[in-house]
Amino acid sequence: QVQLVESGGGLVQPGGSLRLSCAASGSIFSINTMGWYRQAPGKQRELVATRADTGTTNYADSVKGRFTISRDNAKKTVYLQMNSLKPEDTALYYCYHKQLDGLGRWYVYWGQGTQVTVSS
């Protein structure tokens, strides 16, 4: 089992910045991907950004150039630096962790979510 604890959400004005953090604990396997998804009211959950243990990153087109994902593997923590925030970035942001075990099975874990609200 893997536990994910998110922090850093809040209320920010358009054009502002926030930094989200997600710390993982438990049985962490070496082959894994961590990242962030978000869900706005009335919409489906969507990818924001992910970063694999190899360093490969993946961003939604809507956040490219504004958001940056990073990891501290020693701390088992993933970060999302969000700049130039827009009202449409308002959503519940979920931490995501996927890992591969020795038998070739993938496991996916989710955090509880942290609210990001962009409003003047």
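# A guided tour of the predicted model

Begin by selecting Lys98 and Trp106, where the charged end of Lys98 sits over the ring of Trp106, at 4.7 Å from its centre. Keep in mind throughout the tour that you are looking at a predicted model. A second arrangement of this kind can be found by selecting Arg19 and Tyr79, since Arg19 lies over the face of Tyr79, 4.1 Å from the ring centre.

**The aromatic rings**

Next, select Tyr37, Tyr96 and Trp110, which together form one aromatic cluster. In general, a pair of aromatic rings is described by the distance of the centres and the angle of the planes. The count of aromatic pairs in this model comes to three, and one of them is the pair of Tyr37 and Tyr96, which is tilted, with 5.1 Å from centre to centre and 50° between the planes. Tyr37 belongs to strand E4 and Tyr96 to strand E9, so this pair ties together parts that are 59 residues apart in sequence. Are these two tyrosines, Tyr37 and Tyr96, buried or exposed? Both Tyr37 and Tyr96 are buried.

**The disulfide**

Now select Cys22 and Cys95, and show their side chains. A disulfide is a covalent bond between the sulfur atoms of two cysteines. The structure holds one disulfide, and it is formed by Cys22 and Cys95, whose sulfur atoms are 2.0 Å apart. Because Cys22 lies in strand E3 and Cys95 in strand E9, the pair ties together parts that are 73 residues apart in sequence. If you look along the S-S bond of Cys22 and Cys95, the torsion about it is about -90°, so the disulfide is left-handed. Cys22 is buried, with a relative accessible area of 0%, and Cys95 likewise counts as buried at 0% relative accessibility.

**Val78, beside the disulfide**

From the two cysteines, move on to Val78, which has its place in strand E8. Which residues does Val78 contact, once its neighbours within four places in sequence are left aside? Among them are both Cys22 and Cys95, together with Leu20, Met34, Trp36 and Ile69. Val78 is itself buried, with a relative accessible area of 0%. If you also select Arg51, you will find that Val78 and Arg51 are 27 residues apart in sequence, while their C-alpha atoms are 8.3 Å apart in space.

**The nonpolar core**

In soluble globular proteins, nonpolar side chains tend to be buried together. To see the largest nonpolar core of this model, which has 27 residues, start with those that have the most contacts inside it, namely Leu4, Trp36, Val48, Phe67, Leu80, Met82 and Tyr93. Several strands give two or more residues to this core, including E1 (2–7), E5 (46–52), E7 (67–72) and E8 (77–82), and the largest share, four residues, comes from E3. Stay for a moment on Leu80 and show what surrounds it: not counting residues up to four places away in sequence, Leu80 touches ten positions that you can pick out by hand, including Leu18, Leu20, Trp36, Val48, Phe67, Ile69 and Tyr93.

**The last stop, Thr114**

Finally, select Thr114, which has its place in strand E11. At 11% relative accessibility, Thr114 counts as buried. A polar atom of the Thr114 side chain lies 3.3 Å from the backbone nitrogen of Gly9. Beyond residues up to four places away in sequence, Thr114 touches Glu6, Gly9, Leu20, Trp36, Ala91, Leu92 and Tyr93.

Note on methods
Residues numbered from 1 in each chain as written. Predicted model: local features only at pLDDT ≥ 70, side-chain atom pairs only at ≥ 80, totals over all residues. Heavy atoms only, no water. Core = buried A, V, L, I, M, F, W, Y, C linked by side-chain atoms within 4.5 Å. Buried < 20%, exposed > 50% of the residue type's maximum accessible area, 1.4 Å probe, protein only. Contact = heavy atoms within 4.5 Å. Phe/Tyr/Trp six-rings, centres within 6.5 Å; stacked < 30°, edge-to-face > 60°. Lys NZ or Arg CZ within 6 Å of the ring centre and 35° of its normal. Disulfide = S-S within 2.5 Å. Polar contact = N/O pair within 3.5 Å; in protein donor to acceptor, adjacent residues only side chain to side chain.
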